[in-house]
Structure formats: C-alpha cells, structure tokens
Amino acid sequence: MKIAIQGALSRISETLSETLGHSVVGRQDALDEFLRERWPKLSPLKSRLQLLMVRNVLEPLVIQPYQRRMLPVLFGPIYFQALSAAVRFDLFTLLDQRGELTLSEIAEALEIDPKEARVLLDVLVTLGFIQKRPSEEASYYNHWLTKWYLSENSPLNIKAVVDWYHYICYKPMYHFFEALKTGQNEGLVEIDGEGDTLYQRLTQHPELERIFQKAMEQISTSANRSLASYVDFSQVRSLVDVGGGNASNIIAIAQRNPHLRARIFDSPSVEKLAQENIQKAHLQDRLSTLRGDCFKDPYPQDADCFLYCHFLDIWSEEQNKFLINKTYQALPAGGQIIIFDIMQRDDGKGPLTAVAGHPYFLTLATGQGFIYSAQEYESWLTEAGFTQIQRLHLPQDHIAVIGHKA
Ligand SMILES: C[S@@+](CC[C@H](N)C(=O)[O-])C[C@H]1O[C@@H](n2cnc3c(N)ncnc32)[C@H](O)[C@@H]1O
C-alpha cells in the first residue's frame, strides 16, 4: 500500500510538473480534468494527494517564491499609488509626530472617511510601511525605517523621490513599449513644452523642476556623501561639476576639502537653486556656478578636475565619448576626470538600481541614456588618452571611475 501511494505520488508529481503552467496561473480546473483523464478511478485519494502536493510542496516551494517576485511587479502601480497618496497626505510624518493613532484619529487628521482611510492603511500595513497594533480599536504606527525614509523630520527622507516618480515619471513610463519600438523618449509627450529631453522640458515647469532637483538631492545625499568621503580630492585645486544640479555635491566635497574651489556647469534654470544652496552653506567664496550646455558651450580651461555625477548615464555612447574627449582637451597634464554613478555589473546582471535606469532614460529622460558598466567607462577613458584608471566600489551600488591625464 505504502509503495502504491509512493508510486501514485511520484506520478502525480510528474503530472503536476507537466501542468505547472496551468496551476501557477490558478487553472485548477484544467489540472483536475487532466488528472481525471489519467486516473479515472483514483478520484477521492487523488484529490487528497493532489491537495497535499499543491498545499505543502508545490505552493510553498515553487509557486510562492515566484509569486513573491511577480506580485510586487504585477500590482506595482497600485502599491506605488498607495505609497504616493500616503506621502501626499504626509501620513508618515503625522505618525512620526504623534507616535501611534487609531483609524478614526487618522481619518480625522487626513480629512477622509474612515472607510477610505482603512483602504489606504490596509495596503500600507501589508506592505510593511506601517505597523498595526491589534486591540479593541486597532492603532497604527510607523515601521522604524519608515521614520527614516518617509517622515519629513528625517534628514534621510526620500519623499521627493516619491513625488518625482508620481509627478514626473509615472505617466511617461506608460509609453515604455512605444519607446522600445521607436528608440525615442515617447514618454515626453506627457510633459508639455519645447525641447527633446526631460531636462529641457523641466526648465518650462518650475514646480516640476523643483521636485526633480529635490529628488536628485535626496537620492544623492547619502550616495554623494560617500563620494566626498572616499574619493581623494586632496590634489584637486579647481573642480568643475558638469550637470552639477543644485550644487549639493560640490558643497559636500568643499566642506571636506577646505583647499578646493569648485563650480557647477549646468543650465540657467538650475543656477538659482544652486546659488541659494551655496549661500545657505556659506561657501560663496569658494563655490560658484557656470551657465552652460556641455554639448555646445566651451569648458573652462583653468580646472584640474571634471566631475560627472549621475550625468553620463543620460547620454548615448557617442555623446559620452564626445564629453570625455572634450574633458581631456580641457584638462592640464596631471588633471583628472571622475565619473561617479550607479553602474551596471560588467556581466550585465543588475543590480536592480541599475536596470531601473535603462527604461527611465529611454522612455523619458533623453531616449538615449543607459546605465553603463564601469568597464565601458574605463574603455572610453583609455580611448580618450586617460591613464592610471581606477575603479572604486562605493556604497549603494555606486562606483567611481577615475582617470588621469598624463
Ligand atoms: C540627473 S541630474 C544630476 C544632478 C547631480 N549631478 C547629482 O548627482 O545629483 C542631471 C543634471 O544635468 C543637467 N543637464 C542636463 N543637460 C545638460 C547639458 N546639456 N549641459 C549641462 N547640464 C545639463 C540637468 O539640469 C540636471 O541638473
């Protein structure tokens, strides 16, 4: 009997593997029919064994691990909108300030109906952003990391990154499929105005520009700390940060390197933000801004270091080679180029932060950008004439590739 059951189990297991595709997508009826055809007499035992296999083997070992990867992607738009709505209500800051609140207290503070508040809270609790304490009237409080990442009170918060996805990326990314077919940033159609790149369009939308720059600053805050901490600027006298945005990078570098002067080289629409930040940091004597388009305007000839921080991934290989050659020409002997960014692994297998960049740059930013690997940057530097090329692995999937002009 035992052997017979084992035999039946192993045959069922083979059958289940053959029909795995059906059961994964929940087509239990197809599976039943298939089994009934094969073992017409095995019905009661069959259904027990089948249940045993499905519930205790197939589901936990095969289906659920796959679903854990698939579901956040499949329901991504819904989960993202829940997070984004909570950020717009500033719910995480509210919970940070008040500690723990009941459903009715939250509904009252958000000025929405308790039923709708529950819709939002149930998603946030299940996703793990918020925790729920069961009692007569359940209460809600932030996960301790939510306090860091999503409360206004935390210097590490990434609320503007959520706003960037919501207001700038979300609708354009709907056009990914078209962008793949045409090779153009088709998503730009969602942001009116003149110009072929997101950056040009943002200059015509001050509020979106502010959100974008704030998001860049939040993404860069912790990553760029490592640039200032681990990259050696002791030999640099005069630095130019091309596409330096709101100057947060050069501020961090200048604070750690009191001997160094630096300028950002960016579009006029960003200049004002950069100047305000430089003033707030009281660094006007060493930091300043240069208006310019890196493809059209000449580079200053008195700098001994050019920094490209979250910048070269915006452009095509040809454009990057152009910029690297232009940098080589502008530098004196002994000068250096520093490329600091999230970069792909040389084998092209991630990380996740890198592969999210490809679709964004293709569909929205420029239609040409790419998250290149460190190996690609190194080969372009070598081609341009740079020597003593170094690669420095830094936290948060960032790499600094550094080259010197002999
Ligand atoms: C992705 S942001 C990077 C900002 C900053 N480097 C950082 O790490 O946070 C790209 C920046 O490049 C600037 N930019 C875009 N096109 C440019 C161009 N042709 N010349 C100079 N700057 C440009 C944008 O205004 C924006 O500030």
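**Notes on a predicted model**

1. In this predicted model, a small sheet partnership can be read at T102, whose bridge partner in β3 is S139. The strands β1 and β3 pair there in the antiparallel sense, and two bridges join them.

2. Taken as a whole, the sheet is open and has three strands in the order β1-β3-β2, with antiparallel pairing. Because β1 (101-102) and β2 each have a single partner strand, they stand at the edges, and one side of each is left without a neighbour in the sheet.

3. Helix α8 covers residues 114-127, and at 1.5 Å a residue its 14 residues should span 20 Å, which agrees with the 20 Å between its end C-alpha atoms. Just after α8, G128 takes a positive phi of about 95 degrees.

4. Which residues of α8 are buried? They are A117, L120, L121 and L124, and, seen down the helix axis, the buried residues fall within an arc of 95 degrees, so they line one face of α8. An α-helix has 3.6 residues a turn, so residues three or four places apart point the same way. The exposed residues K115 and T126 are carried on the face of α8 turned away from its buried side.

5. The buried residues of α8 pack against two helices, α5 (76-89) and α7 (103-110), and against two strands, β2 (130-133) and β3 (139-142).

6. Around the ligand there are 17 residues, of which S220, G243, G245, C309 and H310 come nearest. By class, this shell has eight nonpolar, seven polar and two charged residues, and α13 (206-230) and β5 (261-266) each supply at least two of its residues.

How values were computed
Residues numbered from 1 in each chain as written. Predicted model: local features only at pLDDT ≥ 70, side-chain atom pairs only at ≥ 80, totals over all residues. Near = placed C-beta within 6 Å. Helix = DSSP H or I, 4+ residues; strand = E, 2+ residues; numbered from the N terminus. Nonpolar A, V, L, I, M, F, W, Y, C, P; charged D, E, K, R; others polar. Expected span 1.5 Å × (residues − 1). Buried ≥ 20, exposed ≤ 12 C-beta atoms within 10 Å, placed from the backbone. Arc of directions from axis to C-beta. Contact = placed C-beta atoms within 7 Å. Pairing = 2+ DSSP bridges.
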